[in-house]
Amino acid sequence: QVQLVESGGGLVQPGGSLRLSCVVSGFTLDYYSIAWFRQAPGKEREEVSCLSKDDGSTYYVDSVKGRFTISRDNAKNTAYLQMNSLKPEDTAVYHCAIAPYGVQGALSGCKYISRYWGQGTQVTVSS
């Protein structure tokens, strides 16, 4: 059975940092691209970042560029999203997802990296 289990969310002050983890079980992660999505109440789901399995290219929504970093550790079957300099507008439920495709050269390709999903983890940035 394929499972994605996320962790690392929580309540942080503006300017703080969190690292989200997504542990994949049931298969080997290195054959898959990775994406992170977020959804806040009253807003549509947003593609935050993704990482292509083909060449390791990464893509980020403009609002997180320079602050967030997507990465993977295939030996641990784990994907990460390092989030620095957090802002209140980053508050959302964050989901990881994977799919056995490459990313098509832009952030817009990240929405297709959605074959399997994690359960989500809440990130709240507030004073």
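Me: Which side chains meet Arg38 and Arg67 in a salt bridge?

Reply: Side chains of opposite charge can pair when their charged atoms come close. A salt bridge here is a side-chain nitrogen of Lys or Arg within 4 Å of a carboxyl oxygen of Asp or Glu. In this predicted model, Asp90 meets Arg38 in such a bridge, at 3.0 Å from N to O. Asp90 sits in the loop between strand 8 and strand 9 (92-99), whereas Arg38 belongs to strand 4 (residues 33-39), 52 residues apart. Strands are DSSP runs of E with at least two residues, numbered from the N terminus. Asp90 also forms a salt bridge with Arg67, at 2.8 Å from N to O.

Me: How is Glu46 connected to Arg38?

Reply: Glu46 forms a salt bridge with Arg38, with the closest N and O atoms 2.8 Å apart. Shared partners join Arg38, Glu46, Arg67 and Asp90 into one network.

Me: Is Arg38 buried or exposed?

Reply: Buried means under 20% relative accessible area, exposed over 50%, and partly exposed in between (1.4 Å probe, protein chains only). Arg38 has 6% and is buried, whereas Glu46, with 27%, is partly exposed. Asp90 and Arg67 are both buried.

Me: How do strand 7 and strand 8 run?

Reply: Two strands pair if DSSP finds at least two bridges between them. Strand 7 (residues 68-73) and strand 8 (residues 78-83) run antiparallel, joined by six bridges. Thr69 has Gln82 as its bridge partner in strand 8.

Me: How should the numbers be read?

Reply: Residues are numbered from 1 along each chain, and side-chain values use heavy atoms, without hydrogens and water. Local features need pLDDT of at least 70, side-chain atom pairs count only at pLDDT 80 or more, and totals for chains, interfaces and linings use all residues.

Note on methods
Helix = DSSP H or I, 4+ residues; strand = E, 2+ residues; numbered from the N terminus.
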